[in-house]
Amino acid sequence: MTSDPLFDDLDLADVARRPGIKWRAAGAGVVAAWVADMDFAPPAEVTDAIVDVVRAGDLGYPEWLTTGTPLRAAFADRMADRFGWTFPADEVREHTDLIQGLQLVLHLGSSPGDGVAVHTPGYPPFLATIEAMARKRFDVPFRLTEHGWDPNLPALDEIARSCRVLVLVNPHNPTGRVLTRDELTEIAAIARRHDLLVVSDEIHAELVHDPYEHVPFASLGADAAARTVTLTSASKAFNLAGLHCAVGHWGPPTLRGVRDAHPSSLFGEVSSLSVAATLAAWAHGDDWQRRLRVVLRRNRDRVATWLAGLGGDDPVPEATYLYWFDAALLGLTGPDPVADARRDAGVRLEGGPGFGTGSSGRLRLNFATAAPILDEIQRRLEALRA
């Protein structure tokens, strides 16, 4: 096993004392492998950028307060460089995080009672948002086939007849599936056929494992772009979630106009520190990210080998640092395997019915941690079978 001191020199006792929700909510003596935060410090350039803003002594109102942040041009440039997706920077808007972005699109682009289609298992805060906003949620369960997780496009096509919005998560959380260009093209045809507004969560786009490739949904053509709001952030790829900074490409001109017709501060604003950190990550963090992806690929393969040794045959994630698997592999067959793993193994995972239709009896393991901590997670979980 190849070790990288930048990511593997973490002490479990030190990490467990961190004040963030991942470790604080796990509880004393419990190893946290649940919420989708990595245990790694962000690139040094990001830290330096934040410190530079503070040391400059200027934490007042930024000059871009009413004109839009420099994130707009930086995001457009990054999408063109990374994925060949081009669009005008003035179609980009800022959000404090993806959940806020989804809520805003649903608020402005749909009405209470409208149907919203979403693949399950799904990100619980997204599923909860749809219900909290009084939209009617239609689950489209992924199918587990001999070829891996299948997005069940015939079911989506049927369900879309009753929907106004499609929430598309690609790369997918929690399965780690990366949809192919052909699959996305068929989804675009379904969206066109049923005149769907598409909200495309692409926050894990930069954490795709070779040989898979991310295709931005809105890059498929003029119609897809004109009906899609693409939401993303540097938060997953550089571990910056606590800074609350995201961006969205608002492709539908009318919807973008409706948004811009509201007072500029009504939907919240990102901070100077979060903008500086995101710009630094995108400008200077690529070497750090390349090393990160090697470590994540290594950790993913270790988890895959371990689960296979327990008799598992769940698909290996094609992206992200999250592994979705059958709780029965650990001998957990009760109604709440998350609680059982926390109580009996001292490991906090995610999973279960909160992820929507088809999620009972399944767990999500976050493997974005140092090799010794991943060893401890596996050791504790395997002891459940003794």
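This is a short talk on one predicted protein model, going from the whole chain down to single residues.

Let me start with the overall picture. The protein has 16 helices and 14 strands. Its radius of gyration is 21 Å, close to the 21 Å that the globule rule gives for 386 residues, so the protein is as compact as a globular protein of that length. If you lay the C-alpha trace along its principal axes, it spans about 60 × 55 × 35 Å.

How much of the protein is buried? Of the 386 residues, 56% are. The surface that remains exposed comes to about 16,100 Å², and carbon and sulfur atoms supply 51% of that area. On charge, there are 38 positive and 51 negative charges, and their mean positions are 3 Å apart.

One more number for the whole chain. Take the contacts between residues at least 6 apart in sequence: 74% of these join residues at least 24 apart. Please keep that in mind for the examples.

The first example is aspartate 39. Where does it sit? Aspartate 39 is in the loop between strand E1, residues 31-32, and helix H4, residues 44-55. Its relative accessible area is 1%, and the cut-off for buried is under 20%, so aspartate 39 counts as buried. Leaving out residues up to four places away in sequence, aspartate 39 touches Leu10, Val15, Arg18, Lys22, Trp23, Asn239, Ala368 and Thr369. Two of the residues on that list, Arg18 and Lys22, are of the kinds counted as positive.

Now the aromatic rings. A search of the whole structure finds eight aromatic pairs. One of them is phenylalanine 238 with tryptophan 288: the ring centres are 5.8 Å apart and the planes are at 25 degrees, so this pair is stacked. The two partners come from distant parts of the chain, 50 residues apart, with phenylalanine 238 in helix H11, residues 235-238, and tryptophan 288 in helix H14, residues 286-309. Are these two residues buried or exposed? Phenylalanine 238 is buried, at 0% relative accessibility. Tryptophan 288 is buried too, with a relative accessible area of 7%. The pair also belongs to a cluster, in which ring pairs link Phe7, Phe40, Phe238 and Trp288.

Next, some backbone geometry. As general background, most peptide bonds are trans, and most residues other than glycine have a negative phi. Here are some cases that go the other way.

Which residues does a cis peptide bond join with omega at about 0 degrees? They are asparagine 170 and proline 171. Another cis peptide bond joins asparagine 173 and proline 174, with omega about 20 degrees. Proline 171 lies in the loop between strand E7, residues 165-169, and helix H9, residues 181-193. Proline 174 is also placed in the loop between E7 and H9.

For positive phi, look at aspartate 195, where phi is near 55 degrees in a residue that is not glycine. Aspartate 195 is in the loop between H9 and strand E8, residues 197-201. Histidine 244 also has a positive phi, about 55 degrees, and is not a glycine. The place of histidine 244 is the loop between H11 and strand E10, residues 246-250. With a relative accessible area of 41%, histidine 244 is partly exposed, because that class runs between 20% and 50%.

Last, two examples of sequence distance against distance in space. Proline 62 lies in the loop between H4 and helix H5, residues 71-83. With a relative accessible area of 19%, proline 62 falls under the 20% cut-off, so it counts as buried. Proline 62 and serine 271 are 209 residues apart in sequence, and their C-alpha atoms are 8.4 Å apart in space.

Alanine 280 gives the other example. It is in helix H13, residues 272-284, and counts as buried at 6% relative accessibility. From alanine 280 to serine 360 is 80 residues in sequence and 40 Å in space, C-alpha to C-alpha. What does alanine 280 touch? Not counting residues up to four places away in sequence, it touches Glu45, Val46, Ala49 and Gly285.

To close, go back to the contacts: among those between residues at least 6 apart, 74% join residues at least 24 apart. The stacked rings of phenylalanine 238 and tryptophan 288, 50 residues apart in the chain, are a good place to begin when you open the model.

Terms used
Residues numbered from 1 in each chain as written. Predicted model: local features only at pLDDT ≥ 70, side-chain atom pairs only at ≥ 80, totals over all residues. Heavy atoms only, no water. Helix = DSSP H or I, 4+ residues; strand = E, 2+ residues; numbered from the N terminus. Rg over C-alpha atoms; globule rule 2.2 N^0.38 Å. Buried < 20%, exposed > 50% of the residue type's maximum accessible area, 1.4 Å probe, protein only. Contact = heavy atoms within 4.5 Å. Areas by Shrake-Rupley, 256 points an atom, 1.4 Å probe, with all protein chains shown as cover. Charge placed at Lys NZ, Arg CZ, Asp CG, Glu CD. Phe/Tyr/Trp six-rings, centres within 6.5 Å; stacked < 30°, edge-to-face > 60°.
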